[in-house]
Amino acid sequence: MNPLEQCELCPRRCGVDRLHGQVGYCGSGAQVRMFRWGPHFGEEPPVSGTRGSGTLFFSHCTMRCVYCQNGRWSNGGEGEDIGVAELAARMRALAAQGCHNWNLVSPTPWLPQIAEAAGLLAAEGVRLPFVYNTSGYERVETLEAYAGLVDVALADLRYARAATAREGSGAGDYVEVARAALRWLWGRLGPLEVDGEGLARRGLIVRVLALPGRVDEAAESLVWLRNTLGSGVAVSLMAQYNPVGPARALPGWNRRLTPEEFEPLADLVGDLGFEQGWVQPCEDETAERMLGADMAAGYGAVR
């Protein structure tokens with residue numbers, strides 16, 4: 001059976017028949033909807049490289065983050081409906097432009113169509129590594145079914161407590177779900193592997209977003225990563241939280257992170273002994289910290 005006929009791709013498992021007009025929590029239909037695509041230079045250095053990451057920003061999302069910077073298309077559904085042939089054409093064009101990889105941003109609702117497009121390109125001999133760029137809110141069963149689309153994982157770990165995940169993203173089960181997904185990704189991919197040019201070819205990068213007033217949860221997540229996956233996992237500690245959309249009117253969510261609350265968290269990354277990764281500058285900081293001498297400088301994340 002086509003997985004869109006009874007869609008259970010994400011942890012919400014709505015079970016709707018997307019092929020015949022039904023939509024579930026994310027609002028995705030039968031055709032891929034994409035907001036933007038092209039070379040992108042704002043990911044971690046091994047992903048962006050020198051020629052950019054071939055990024056495909058898919059519309060609709062399985063979460064409802066009150067601070068979503070991509071809300072126009074992730075939650076608002078803006079974008080263009082395209083068929084599998086057009087999706088393959090855009091992926092082909094990114095490869096022709098010299099992009100280092102195909103970067104799938106929030107791809108979960110569209111995995112069957114992406115897999116079909118990838119099959120068309122593989123038959124032509126067109127191949128790039130896939131970067132699976134995810135909030136972390138993933139079913140392990142879905143990851144297993146579409147493992148061929150996961151060469152490098154850029155996976156978030158945003159929360160350590162159910163109440164915060166429910167309030168911030170409408171996903172009270174986020175912590176257990178995301179941690180299970182990370183364990184699977186680590187078991188499948190292992191540590192980040194780069195080629196002679198420093199470009200990611202395989203492995204897991206975990207993004208930990210520090211939230212204002214909730215840096216203790218980011219600290220819990222870092223400790224969990226160190227204790228569960230080990231010091232070999234690449235971590236990307238992010239300070240870029242910006243109160244946009246509904247967050248601007250929500251107490252506790254309506255301010256930026258301060259360097260004073262972020263600094264101990266940045267120190268913790270080093271104290272825990274992670275072997276590679278990055279720490280984003282926080283507001284008035286002018287230089288990034290970098291873990292791992294083989295990584296290029298200049299990282300600034302898109303989300």
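Axes are lines fitted to C-alpha atoms, for helices over the stretch in contact, and angles between N-to-C directions run from 0 to 180 degrees. Helices are DSSP runs (H or I, at least four residues) numbered from the N terminus. The model is predicted: local features need pLDDT of at least 70, side-chain atom pairs count only at pLDDT 80 or more, and totals for chains, interfaces and linings use all residues. Residues are numbered from 1 along each chain as its sequence is written, and side-chain values use heavy atoms, with hydrogens and water left out.

**Exercise 1.** Determine how the axes of helix α3 and helix α4 cross.

*Solution.* Step 1: the axes of α3 (residues 84-96) and α4 (residues 111-124) come within 9 Å and cross at roughly 55 degrees. Step 2: α3 is therefore oblique to α4, since angles under 35 degrees count as roughly parallel, over 145 as roughly antiparallel, 65 to 115 as roughly perpendicular and the rest as oblique.

**Exercise 2.** Identify the residues of α3 that meet α4.

*Solution.* Step 1: contact means heavy atoms within 4.5 Å. Step 2: on the α3 side, Val 84, Leu 87, Ala 88, Met 91 and Arg 92 take part. Step 3: their partners in α4 are Gln 113, Ile 114, Glu 116, Ala 117, Leu 120, Leu 121 and Glu 124.

**Exercise 3.** Place Ala 219 within the structure.

*Solution.* Step 1: Ala 219 belongs to helix α8 (residues 215-228). Step 2: leaving aside residues up to four places away in sequence, Ala 219 touches Leu 265 and Leu 268. Step 3: Tyr 241 is 22 residues from Ala 219 along the chain, and 16 Å separates their C-alpha atoms.

Terms used:
Helices (H or I, at least four residues) and strands (E, at least two) are DSSP runs, numbered from the N terminus.
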